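Biologist: I am new to this structure and would be grateful for a close look at a single part of it, the second largest pocket. Which element supplies the largest share of the lining of that pocket? Please then place the pocket in the setting of the chain as a whole.

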Amino acid sequence: MKDAREDILGLMPHEIVKRLQEMGEQAFRGKQVINWLYKGVISFEDMTNLPKATRKKLEDKYIIGSVKLLEKRISKNGDTIKYLCLLADHNIIECVVMKYNYGNTLCLSTQVGCRMGCSFCASTKQGLVRDLEVGEMMAQVVMANTHIKQTDERGIRNIVLMGSGEPLDNYSNVIKFLRLVNHPEGLNISYRNITLSTCGLVPKMKKLAQENIPITLSISLHAPNDELRKKIMPVASAYSVDEIIEAGKYFFEKTGRRVTFEYSLIDRLNDNVYDAKELASKIKGFPCHVNVIPINEIEDMPYKRSSESRIKVFVQTLKTLGVQVTRRRELGQDIEGACGQLKRSYLDSLDK
């Protein structure tokens, strides 16, 4: 049965201060609560500089959203940590910390499962279970930040919404999360250090462009034309490649933030030279970036990873045609780093 109390971790700092004042407390008590929340406490009893009566009031009305760590895997070279997390309703999500020279990046989930149906993705195999609440997204950040700071004082500096789920399918919660994680009285993570990945929900992309939230928009394109994209992504039946690119241009015009097109390479399906040439012709003159990603091969899926020679030719073709392109650094393959993989293997182990 769901707890009827509100998750305080999903509230904006000014909302927390107001709630404490409504309880008859002074404003500074709210600021004390905020400070404790982002230190990772999971109980109001641990907020030791608050009077017991105040802690009791909070306990009666609120919960502190948290995720219970089921499993943690660290890659052999230590550059990737994957967390398998249990939610209060016993659903399971994943998040991943990736260590780069410029700082630690957290890839978090925005939904339990996903309904977009992309054929190469493990997180969509069981469909969408439910949206994550704001506090459940924040709980991933706070948990990862707490763990990382035990060995690295820098903590989490960058966030990518690329875990399980389609962020724009959970629009209102994701928008509030973005504003909350950026808030100067909270974790104060710069919008420029946040990337949101979408499979191309055109109306929501345009709506996001109007929010005055200058994050990086990453669009999962994976094909240069509709016919090919429909073989890979069911959402292609709703929005065409041309519509998605136009929405990307609109986002750039409104925010000044360059869009990234994600392109997962599948052996002999979308990795041909003529695919690269067609893609280049579609985005020519648009200040964007293409991020090429060899797919992670997943059990029960028919697709194979492109060969090294085909990857190199594809990337070089785009470069020759004037497209800014990089090959994504692949992290965490030895710990099932792709979204949905660890959860799937964990659930499979329970069935054995």
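Modeller: Helix 4 supplies the largest share of the lining of the second largest pocket, with three residues. The model is a predicted one, and what follows should be read in that light. Helix 4 covers residues 134-148, and it is joined in the lining by strand 1 (6-7) and strand 8 (128-131); each of these elements supplies at least two residues. In total, 23 residues line the second largest pocket. Those that lie nearest its centre are Lys2, Asp7, Ile63, Glu133 and Glu136. By character, the lining divides into eleven charged, eight nonpolar and four polar residues. The space in this pocket amounts to about 620 Å³.

Helix 4 also has a part to play elsewhere in the chain. Together with helix 1 (13-22) and helix 3 (52-61), helix 4 is among the elements that cover the buried residues of helix 2. Helix 2 spans residues 27-37, and its buried residues are Arg29, Gly30, Gln32, Val33, Ile34, Trp36 and Leu37.

Strand 8, another contributor to the lining, is preceded by a loop that begins after strand 7 (111-113) and holds lysine 125. Lysine 125 has a relative accessible area of 46%, so it is classed as partly exposed. Between the C-alpha atoms of lysine 125 and aspartate 46 there are 40 Å, and the two residues are 79 apart along the chain.

The chain as a whole gives the setting. Its secondary structure consists of eleven helices and 14 strands. The C-alpha trace spans about 70 × 50 × 40 Å along its principal axes. A compact globule of 352 residues would have a radius of gyration near 20 Å, and the value of 21 Å for the chain therefore agrees with that expectation. Of the 352 residues, 56% are buried. The chain exposes about 16200 Å², and carbon and sulfur atoms supply 48% of that area. When contacts between residues at least 6 apart in sequence are considered, 66% of them join residues at least 24 apart.

Isoleucine 232 offers an example of such contacts between separate stretches of the chain. This residue is found in helix 7 (residues 226-232). Its relative accessible area is 1%, and because buried means under 20%, isoleucine 232 counts as buried. Leaving aside residues up to four places away in sequence, isoleucine 232 touches Gly117, Cys118, Ser119, Phe120, His222, Ile266, Leu269, Asn270 and Tyr303. The C-alpha atoms of isoleucine 232 and tyrosine 303 are 9.9 Å apart, although 71 residues separate the two along the chain.

Two loop residues complete the account, each with a positive phi although neither is glycine. Asparagine 188 has a phi near 55° and lies in the loop between helix 5 (171-182) and strand 10 (194-198). With a relative accessible area of 47%, asparagine 188 is partly exposed. Arginine 268 has a phi near 60°, and its place is the loop between strand 12 (259-265) and helix 9 (273-283). The relative accessible area of arginine 268 is 59%, so this residue is exposed.

Conventions. Residues are numbered from 1 along each chain as its sequence is written. This is a predicted model: local features need pLDDT of at least 70, side-chain atom pairs count only at pLDDT 80 or more; totals for chains, interfaces and linings use all residues. Side-chain values use heavy atoms; hydrogens and water are left out. On a 1 Å grid over the protein atoms alone, a cavity is a set of points where a 1.4 Å probe fits but cannot get out, and a pocket is an open set with protein on both sides within 12 Å along at least five of seven lines; lining residues have an atom within 4 Å of a point. Grid points are joined across faces, edges and corners, and a volume is the space filled by probe spheres set on the points. Helices (H or I, at least four residues) and strands (E, at least two) are DSSP runs, numbered from the N terminus. Ala, Val, Leu, Ile, Met, Phe, Trp, Tyr, Cys and Pro count as nonpolar, Asp, Glu, Lys and Arg as charged, and the others, Gly among them, as polar. The radius of gyration is taken over C-alpha atoms; the globule rule is 2.2 Å times the number of residues to the power 0.38. Buried means under 20% relative accessible area, exposed over 50%, partly exposed in between (1.4 Å probe, protein chains only). Contact means heavy atoms within 4.5 Å. Accessible areas come from the Shrake-Rupley method with a 1.4 Å probe; for residues, only the protein chains shown count as cover.
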